[in-house]
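Trainee: Can we go through this model together? I'd like to start with the backbone.
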Amino acid sequence: MPSDATPRPTSTPTRFAVLGTGHWARTTHGRALAGHPDVEFAGFWGRDADRARAAAAEFRAGSWSGEEGLTDLLGRVDAVTLALPPDVQADLAVRAADAGVHVLLDKPVATDLAAADRLAEAVQRGGVSSVEFLTYLFMPEITDWLAQMAALAAEHGPWEGGVFRWAGSIDTPGNPYAGSRWRRERGGLWDTGPHALSIVRSLFGEVVAVAAARGPRDAVGVALEHRDGAGTTLSLTLTAPEGTGGSFATVWGPGGRHDLPRFTGTPPEGFARAVDRLRAAAATGVPDALDVRNGRDAVAVLAAVEAHLRRPDGTTPVRPVQR
Ligand SMILES: NC(=O)c1ccc[n+]([C@@H]2O[C@H](COP(=O)([O-])OP(=O)(O)OC[C@H]3O[C@@H](n4cnc5c(N)ncnc54)[C@H](OP(=O)(O)O)[C@@H]3O)[C@@H](O)[C@H]2O)c1
């Protein structure tokens, strides 16, 4: 990992654009930027000119497409938000950082560690700021709860364990992510895993070792060992049968047993907070706690799980019962 960036304050970024034209790009990124009082929303870039125009028309904003369009747009804005498949995001965010443009990333920041490292290095090299939008960590009910949990741990001792279930149901009719290729290829590990890890790593800190086994379709069960000795487990999928999706988490330790609360805010409200955090990081030069390096460390955990799943001796067969 690169060392900490020397703080390089810049003027507060005002002109923003979205890279991506899909459902999330329009309904969360675009909506949050268009409604933000301190942002000039330039519009959307997409690889397809018609889809970029259609997205832009919803907000009476501009549209850019193709290679030349991207170069032109990066010369016009202070910051971009990325709503693209994570492998595509990682490469385009490097281009943005190299052009001196701040980056508001979505989760996960990449789908392999080498790409996440390249991105972290580009952010450092470009002297730009970065924030990863981890939805739960931009919701007050969740951040208040995490603060309460930290206070309890300080009083009674560290948390010892937790179970985290994060499940989507993209095969439910009408789900906007049913056609998302990267989700089909990489599964819940990479899609819902970053959400689970955002809470796990906030409560339990660094992950030092992993083991994992497969379930139906993309489902994986993961066991994590933490530096301070705690052990947590994750159950991840994005193809839970209709009506069985949803997320919950329980943690325990000397401070009691506690359930993660629900949040009530909308994704655009959370995203607007992420925009504020990126603007503050750029204005002060102080890296945000949820910057690209934090995102890179989550990718390291997910990549380790994937490596464990690929091991030929990854699981220990159970001897059949003799009757
Ligand atoms: N925090 C959350 O709860 C949450 C929720 C949803 C999504 N997200 C995140 O948002 C990001 C995007 O997710 P998504 O669901 O919108 O993904 P997606 O549906 O798989 O893809 C988004 C768009 O990327 C474009 N695209 C695909 N390959 C491309 C390429 N090679 N070059 C340029 N554009 C390309 C596609 O545009 P065209 O095919 O139209 O050209 C597509 O509309 C991901 O990081 C995801 O994790 C987060």
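Trainee: Which phi does G127 take, just after helix 5?
Mentor: G127 has a positive phi of about 65°. Helices here are DSSP runs of H or I with at least four residues, strands are E runs of at least two, and both are numbered from the N terminus. This is a predicted model: local features need pLDDT of at least 70, side-chain atom pairs count only at pLDDT 80 or more, and totals for chains, interfaces and linings use all residues. Residues are numbered from 1 along each chain as its sequence is written, and side-chain values use heavy atoms, without hydrogens and water.

Trainee: Which residues of helix 5 are buried?
Mentor: A115, A116, L119, A120, A122 and V123 are buried (under 20% relative accessible area; exposed is over 50%, partly exposed in between; 1.4 Å probe, protein chains only). They cover an arc of only 160° around the axis, so they lie on the same side of helix 5. That arc is taken from the directions from the helix axis to the C-beta atoms.

Trainee: What do they pack against?
Mentor: Helix 4 (86–98), strand 5 (102–106), strand 6 (130–133) and helix 10 (292–310). Contact means heavy atoms within 4.5 Å.

Trainee: New topic. Where is the cis peptide bond?
Mentor: From K107 to P108, with omega near -15°. P108 sits in the loop between strand 5 and helix 5. Most peptide bonds are trans.

Trainee: And R60, what is its phi?
Mentor: Near 50°, which is positive in a residue other than glycine. R60 is in the loop between helix 2 (49–59) and strand 3 (62–65).

Trainee: Is R60 buried or exposed?
Mentor: Exposed, because its relative accessibility is 82%.
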